[in-house]
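Okay, thanks everyone for coming. Let's get the structure up on the screen and walk through it together.

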Amino acid sequence: MSNVEKEAGPQGDDSPVSPTPPDAKKRREYKDFGHDEQKPTHANVDMSLIELKAEDLYDKEKVDLETIVVEDVFKLLQCDENGLTTDEANRRLEIFGPNKLEQEEQNAFLQFLSFMWNPLSWVMEGAALVAIALSNGGGLPPDWQDFVGIVLLLFINSTIGFYEERNAGNAVKALMDSLAPKAKVKRNGQWQEIESANLVPGDMISFKIGDIVPADCRLTEAINVSIDQAALTGESLPQSKKEGDQCFSGSTCKQGEAEGVVISTGANTFFGRAASLVGQDDDTTGHLQKILAQIGSFCLVSIGIFVVSEILVLYAGFRYSYRDGLNNILVLLIGGIPIAMPTVLSVTLAVGAQQLAKHKAIVTRITAIEELAGVTILCSDKTGTLTTNKLTIDKETIRTYGPFSADDVILLAAYASRTENQDAIDASVVSALGDASRARAGIKLLDFKPFNPVDKRTEITYREESSGKIKRVTKGMTGIIIELCTRNKTEELENTLEADVEEFASRGLRALAVAYEEVEGDDPEAEGNGFELIGLLAIFDPPREDTKQTIDDALALGVKVKMVTGDQLAIAKETGRRLGLGDHMYPAKVLKDGPAPGGKHMTLDEMILDADGFAGVFPEHKYEIVKRLQGLGHLCAMTGDGANDAPALSRANVGIAVEGATDAARGAADIVLTEPGLSTIVHAIRGSRIIFQRMRNYSIYACAVTIRIVVCFAILAFAFRFNFPPFMVLIIALLNDGTIMTLSVDRVLPSMTPDSWDLAEIFSYAIAYGLYLTASTVALVAIILKTSFFHDKFGVTSPTSSNDYELHMIVYLQVAIISQALIFVTRSHGFFFMERPSLALMGAFCIAQLVSSIIAAYANWGFTQIHSISGGWIGIVWVWNILWFIPLDWIKFAMKATIIKKMRERHSRAVAAAAAGTGLQITRTQSRAASIHESMYSNRVSFIRRAARKVGFGTKITVKPEELQRFSSIQAQRTGATLARNPSRTPA
């Protein structure tokens, strides 16, 4: 390019267009992105009366909070530019507290005990008390064996759950570094470096390029300062700051140096508004806890019915002794409660979290995996999530004016850019060359003027090595550049430029104008022959490479994607078009104003469901969108990377922080991605659905076993006065738990649609399986006691009494074998042998059956009323169970074809009727408000959620610049009021 001589355009004086008198010519305004500036004013109050009432802080007749000057801030904070003394700083530290977030430490022992605090555990604990305290009857000692066995079972389950949850909680604590650890502060008139935790309102602080702003402050001195507030405003471009402007903790200084006065610290900083939103869900419970509560209720009601029945029948009807009746009740309590259910589900989720970590997804709240499987809507932030958060030149839309090509314009713009210590725009221009060395190749730099907030442009003067000529290039805001141009500047050119800039703005593209001139002679400071506009560059934040494919994959999995961004509507629509997401988006104000009258949407909820996204949103808007979608019955996931996303990330069923997210976003999120882009989410969704299938399979199994134990042993007691020993039910429970733990790594297939807990379906299967297995046991006992079939056919000795110790052992073996074998039926959708289980599950099942058979063959435990049986009986029980096991698949198919089919049809009709009545499709879950009963199950994950929330109170929040200034003034007022209530100690 440097070897090609370009012919200069005609001079402005020779233009055929007659010049327009300056007073008659219309001044053009080039539409671009920006915010209106407001001039500072003084507070219209007596500054000696600092204590203002809260309602006065917003009274603009007294204080115009949006424009209050820094001098008034100094008066309010009772300080000056020399900083505070050490004594005064220590006094204020006592008043305002440290500039850090208080962390609630969880007592490990109490956390362990909390695992025994839910209705399922209460029943087992009650059974233990019955065994040790209420069994002193009939001249018999307390039932120590059952007591020790129950306590051991409780401790094993609690230990496993505590270990998994503690590990997860420790991982979350590692994210606690939320604020800048060091700060440069002026104390006693001297600059020094201190821990940022010791900063107080009124401190003078200093920061420079690369530093993190340690506290909320108002600038008293600013030298070419540019602050990265991407996580505050959702905008990609760093913001220029001048004296009097506000900076907030956690933002990064990208350029220049600054001094400022601290106006707020710690939990009182501006992100406190986000922190209050993040913490609003303290009284809610997760989705899995709801399911646990309902399954627990099903089991408790089932047990309660038959316990009451046994009390009435055995004591009132059969006149049982106190101890015999109590043993029968213990059998129902111990065998019917799925005590391992919370632990099995926790281990399944924990193992799933380890598997997701292989796909670079760190799970900080393990129950979020279950909720991710059912997610129907994914709300995604734009900046840094769908896009790269890295400004780029859009080469397809470059506009050229005059003799230069698009490539020439990029090269000349790169000349006028810094190659070191670049700001975001210079970096985007230089990177557009492909080879950054070209930005200085073939030229000798003579003079360079960097960007500053006043001139709003950069300029380079250089000597072209090939021709020896001195040339000058400038780039910057369109309005500034066109005013500089004098050569080849026509009315037609200005009309074209104005139209191009407006087109860029309508598409959300930022315009960057480039102009060029030549300098006669060898003096680089001499006037040139006049700038000529040569091109207009479009700058935008491009989508990530994998984002479009990820959105397509999510849609294929039945997950609707909505963009929710703090950026402007035009930018959001352009990004949506490039991603194939759609441009059916609305500004955030519709969330307050509602749909327009006469529009196609009758309600705001209908509009939110139909929209492809929303733009210009604040944290409260994101939070409200997620909340409304949940209220409509959807499980909602939210992705984001900035602190402005933290409230919605916390509110969402699944909050996902993408790679490079701020600590606040990671703290509020349930899943943290460590690889760029959203592709990991697709892996996480598929993985979560695999885990969901494992949990569903176990839930059907656990409920079926409850029905099987409770109904079976109640019927045996009623029909045959059969008194099964409680200790053997404990053995069955222990062996079952050991085998079922391996479900966490079982081989299952994920569904292609969002999963949901259809508990009516689960309970229906459980009742069918449980009653069938009950029939298998009752039939065996009836044949043994009422006939001589087994003695006649196989020559074995048949027990004659209903409470023969050998009969107890036969029933134990039959129940233990076929109950565990049921898992192979519940885990498969077709015939059990068509879906191969994992080696771990198969191995654990075989070991458990071997142990059960050995116990049956050799155990002579008099204390628990059992006696070993012959090999013939063991073989009979195995064959009996195999014959009864085979029809289980046919029961499953029959249920699908009848009861389950009718239930699904009825559900579909209900959904259709609701949609017809409201225009909305209502599916999935309820809102997240917890009932007292459900909250009893929340302890297993509440610690992780509490720990995660603590991280979120640490950095930034999004609002418009004028709102930031407004809030900073309020902070200064409130801090001043606090100081006024705590005046300095006057010397005696």
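Let me start with a question: leaving aside its neighbours within four places in sequence, which residues is Leu888 in contact with? Take a second to find it. The list is Tyr769, Tyr772, Leu773, Leu822 and Val825. Before I go on, please keep in mind that this is a predicted model.

So what is Leu888 part of? It belongs to the largest nonpolar core, which has 149 residues. Leu888 is one of the members that touch the most other members, along with Tyr698, Phe713, Phe724, Tyr769 and Tyr812. As for where the core residues come from, helix α24, residues 679–720, gives the largest share, with 22 residues. Apart from that core there's another one, of 30 residues, and among them are Cys379, Val590, Ile608 and Ala657. As a general point, nonpolar side chains in soluble globular proteins tend to be buried together.

Now for a nonpolar group at the surface. Phe109, Leu110 and Leu113 make a patch there, and together they have about 310 Å² of accessible area. Leu113 sits in helix α3, residues 108–114. Its relative accessible area is 34%, so we call Leu113 partly exposed.

On to a couple of helices. First up is α10, residues 341–357. It has 17 residues, and at 1.5 Å a residue those should span 24 Å; the end C-alpha atoms are 24 Å apart, so the two agree. How many of the residues in α10 are buried? It's 14 of the 17, so α10 is mostly covered, and to count as buried a residue has to be under 20% relative accessible area.

Then there's α4, residues 119–133, with 15 residues. From first C-alpha to last, α4 reaches 20 Å, close to the 21 Å expected at 1.5 Å a residue. The buried residues of α4 include Leu120, Val123, Met124, Ala127 and Ile132, and you'll also find Pro119 and Ser121 on that list.

One more helix, α14, which is residues 424–431. Its buried residues are Asp426, Ser428, Val429 and Val430. What covers them? The cover includes β10, α13, β13, β14, β15 and β16.

β13 is a good place to stop for a moment. That strand is residues 457–464, and Tyr462 is in it. Is Tyr462 buried or exposed? It's buried, because its relative accessibility is 1%. Leaving aside neighbours within four places in sequence, Tyr462 has contacts that include Leu412, Tyr415, Ile443, Leu446, Ile470, Val473 and Tyr516. Tyr462 and Asp447 are 15 residues apart in sequence, and their C-alpha atoms are 6.8 Å apart in space.

Let's switch to charges. The count of salt bridges comes to 31. Here's one inside a helix: Arg628 with Glu624, where the closest N and O atoms are 3.1 Å apart. Both residues lie in helix α21, residues 619–631, and they're four residues apart, about one turn of the helix. Arg628 is partly exposed at 28% relative accessible area, and Glu624 is partly exposed at 29%.

Another pair is Asp211 and Lys208, with the closest N and O atoms 3.8 Å apart. Asp211 counts as partly exposed at 25% relative accessibility, and so does Lys208 at 44%.

And then Glu503 and Arg507, whose side chains meet in a salt bridge at 3.9 Å, N to O. Again we have partly exposed residues, with Glu503 at 29% and Arg507 at 22%. What are Glu503 and Arg507 linked with in a network of salt bridges? The other members are Asp394, Arg399, Asp500, Glu574, Arg577, Arg578 and Asp583.

Arg507 also brings us to my last residue, Thr397. Thr397 lies in the loop between β10, residues 392–393, and β11, residues 399–400. Leaving aside neighbours within four places in sequence, Thr397 is in contact with Arg507, and also with Phe504, Leu509 and Ala538. Thr397 counts as buried, because its relative accessibility is 6%.

That's my tour. If you want to go back to one spot, try Leu888 and its contacts with Tyr769, Tyr772, Leu773, Leu822 and Val825.

Notes. Residues are numbered from 1 along each chain as its sequence is written. This is a predicted model: local features need pLDDT of at least 70, side-chain atom pairs count only at pLDDT 80 or more; totals for chains, interfaces and linings use all residues. Side-chain values use heavy atoms; hydrogens and water are left out. Patches are made of residues with over 30% relative accessible area and no salt bridge: like charges are joined within 9 Å, nonpolar side chains (Val, Leu, Ile, Met, Phe, Trp, Tyr) within 5 Å. Accessible areas come from the Shrake-Rupley method with a 1.4 Å probe; for residues, only the protein chains shown count as cover. A salt bridge is a side-chain nitrogen of Lys or Arg within 4 Å of a carboxyl oxygen of Asp or Glu. Helices (H or I, at least four residues) and strands (E, at least two) are DSSP runs, numbered from the N terminus. Buried means under 20% relative accessible area, exposed over 50%, partly exposed in between (1.4 Å probe, protein chains only). Contact means heavy atoms within 4.5 Å. The expected span of a helix is 1.5 Å times one less than its number of residues. A nonpolar core is a set of buried Ala, Val, Leu, Ile, Met, Phe, Trp, Tyr and Cys residues joined through side-chain atoms within 4.5 Å.
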